[in-house]
Amino acid sequence: MGSDLVNRRSAPRPHGDAGRGAGIRRTSRLLLAAAVAALLTLPTGGPAVAAESSQRWIGTWATALTRPNPGLVPSWAEEGFEAQTLRQVVRISAGGKAVRLTLSNYFGATPLRLAGVTVALSGGGARVLPGTLHHVTFDGARAASVPAGGELVSDAVRMPVRNLESLTVTAYLPERTGPATYHSWAGATSYRAPGDHRTAVPGDAFTETTQSWYYLAGVDALSTSRHAGTVATFGDSITDGYASTPDANNRYPDELAELRRSLGVLNLGISGNRLLSDSPCLGESGVGRFARDVLTKPGLRAVVVQHGINDIGSRGTLPCIGEVPIITAQDLIEGHRDVIRQARAHGLTVIGGTLLPYKGAAYYRAEGEAIREEVNAWIRSSGEFDAVVDFGAVLADPQDIDQLNPAYDSGDHLHPNDAGYRAMGEAVHWVLDRALD
């Protein structure tokens with residue numbers, strides 16, 4: 001089922017600035033692997049995926065991962081897994097003739113043992129569609145180990161997928177994993193069952209659920225479209241899609257994917273994340289994680305950056321939030337410039353998104369609003385981004401531009417509702433039409 005089109009097993013990578021350099025080196029390996037991909041064959045001796053001059057790997061789904069967050073969101077991350085099957089459902093963006101998976105143990109303290117992994121088309125809930133289940137291989141073997149601090153990319157799976165299809169990824173974890181590398185707020189249901197159910201078609205055994213993703217960092221698709229490519233969206237809970245309807249795929253990157261059928265759209269937001277400051281439970285700073293979470297993705301053409309409202313508003317309300325430094329508008333501007341430099345070094349189109357109005361939110365304050373307005377003025381007028389999507393203007397209340405339009409407000413005056421996320425996706429779609437010409 002799997003192909004050696006691309007086969008990379010990473011060594012453990014250091015954290016911090018050293019990890020950033022490793023992420024850049026990994027991107028170089030991705031480009032080299034893509035160049036020779038069509039020449040390689042299936043490890044099982046089966047036919048290779050046909051060589052075509054236009055075929056390329058693109059990122060079609062991804063998430064940004066963190067270390068376990070004690071008490072932040074109910075999950076299985078702290079306890080980890082042992083002799084259990086983990087089943088997760090993700091909706092891809094662009095389709096292709098084959099897929100491959102990236103599994104991450106970046107925040108793990110010990111190797112992650114995999115007895116086996118399968119991928120199938122979702123049949124709804126924990127069920128998979130009969131006849132669509134494929135075993136995933138790694139270096140031609142079904143069992144694998146992901147090193148502590150590293151990740152593992154599967155062999156290609158000869159499984160044609162269409163745009164916006166939902167895939168079910170199932171892994172059996174036979175040994176105690178320890179705390180799990182995960183994505184806290186997924187807005188999607190994941191499933192767990194005791195024992196080995198990786199080939200189960202019905203979902204009856206999966207009686208435990210959570211709203212987080214574990215270990216699964218990305219899904220790539222082998223596209224044959226001449227216009228194929230990947231767009232990354234990068235930020236905090238507003239990119240993550242917090243307050244959108246669970247299991248409905250109404251985050252703004254999902255909405256964008258519905259409009260951009262030839263492009264993979266990746267959601268690399270982390271709820272609570274800050275552009276400038278690390279947090280024990282809300283992830284490494286945006287400037288620190290950008291190389292690892294964005295620049296390693298295949299087929300990348302552009303990135304949409306909408307980040308900074310938590311730097312303005314965070315005041316240490318959670319025990320795990322970490323140090324909350326006093327920041328200025330210039331601090332946030334310099335943070336955005338850092339991200340722009342990193343993206344430009346990789347030849348990406350960089351699109352800046354203005355910060356949304358947040359008057360009435362729990363952490364709103366007048367001095368914070370002044371910072372938001374100054375940063376937005378710079379994003380709109382500096383010319384330092386290749387293009388700008390003015391989320392702040394699109395979602396503002398016409399009667400009071402310092403607050404969200406009630407039609408787009410989830411109720412907390414900070415996060416959009418489904419209609420608001422739809423408006424954001426449409427706004428990015430319009431800008432991409434011009435930015436990628």
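Hi everyone, this is a short walk through one protein chain, from the overall make-up down to a strand, a pair of helices and a single glycine.

One thing to keep in mind from the start: this is a predicted model.

Let's begin with the whole chain. It has 437 residues, and 60% of them are buried. The secondary structure adds up to 9 helices and 23 strands. If you take the contacts between residues at least 6 apart in sequence, 82% of them join residues at least 24 apart. As for the outside, the chain exposes about 15,900 Å², with carbon and sulfur atoms supplying 52% of that area.

Now please find strand β3, residues 84–91. How many of its residues are buried? The count is 8 of 8. In a regular strand, side chains alternate between the two faces of the sheet. On one side of β3 we have Q84, L86, Q88 and V90, and on the other T85, R87, V89 and R91; all of these are buried, and both faces are covered.

Which strands does β3 pair with? One is β11, residues 166–173, in the antiparallel sense over 8 bridges. If you'd like a landmark there, V89 stands opposite T168 in β11. Another is β13, residues 190–194, also antiparallel, over 5 bridges. Here the landmark is Q88, which sits opposite S190 of β13.

On to the helices. Have a look at α4, residues 286–295, and α6, residues 329–344: their axes come within 10 Å and cross at roughly 30 degrees. Angles under 35 degrees count as roughly parallel, so that is the label α4 gets relative to α6. The crossing of these two helices is right-handed. Who touches whom? From α4, V287, F290, A291 and L295 meet G335, D338, V339, Q342 and A343 from α6.

Last stop, a single residue: G368, which you'll find in helix α7, residues 366–381. Is G368 buried or exposed? Its relative accessibility is 0%, and buried means under 20%, so G368 counts as buried. Setting aside neighbours within four places in sequence, G368 is in contact with I312 and Y358. I312 is worth picking out on screen: 56 residues separate it from G368 in sequence, yet the two are 5.6 Å apart in space, C-alpha to C-alpha.

So, to recap the stops: a strand, β3, with both faces covered, a right-handed crossing of α4 and α6, and G368 touching I312 and Y358. Thanks for listening!

How values were computed. Residues numbered from 1 in each chain as written. Predicted model: local features only at pLDDT ≥ 70, side-chain atom pairs only at ≥ 80, totals over all residues. Heavy atoms only, no water. Helix = DSSP H or I, 4+ residues; strand = E, 2+ residues; numbered from the N terminus. Buried < 20%, exposed > 50% of the residue type's maximum accessible area, 1.4 Å probe, protein only. Contact = heavy atoms within 4.5 Å. Areas by Shrake-Rupley, 256 points an atom, 1.4 Å probe, with all protein chains shown as cover. Pairing = 2+ DSSP bridges. Axes fitted to C-alpha atoms, helices over the stretch in contact; angles between N-to-C directions. Parallel < 35°, antiparallel > 145°, perpendicular 65-115°, else oblique. Left-handed = near helix turned anticlockwise from the far one by under 90°.
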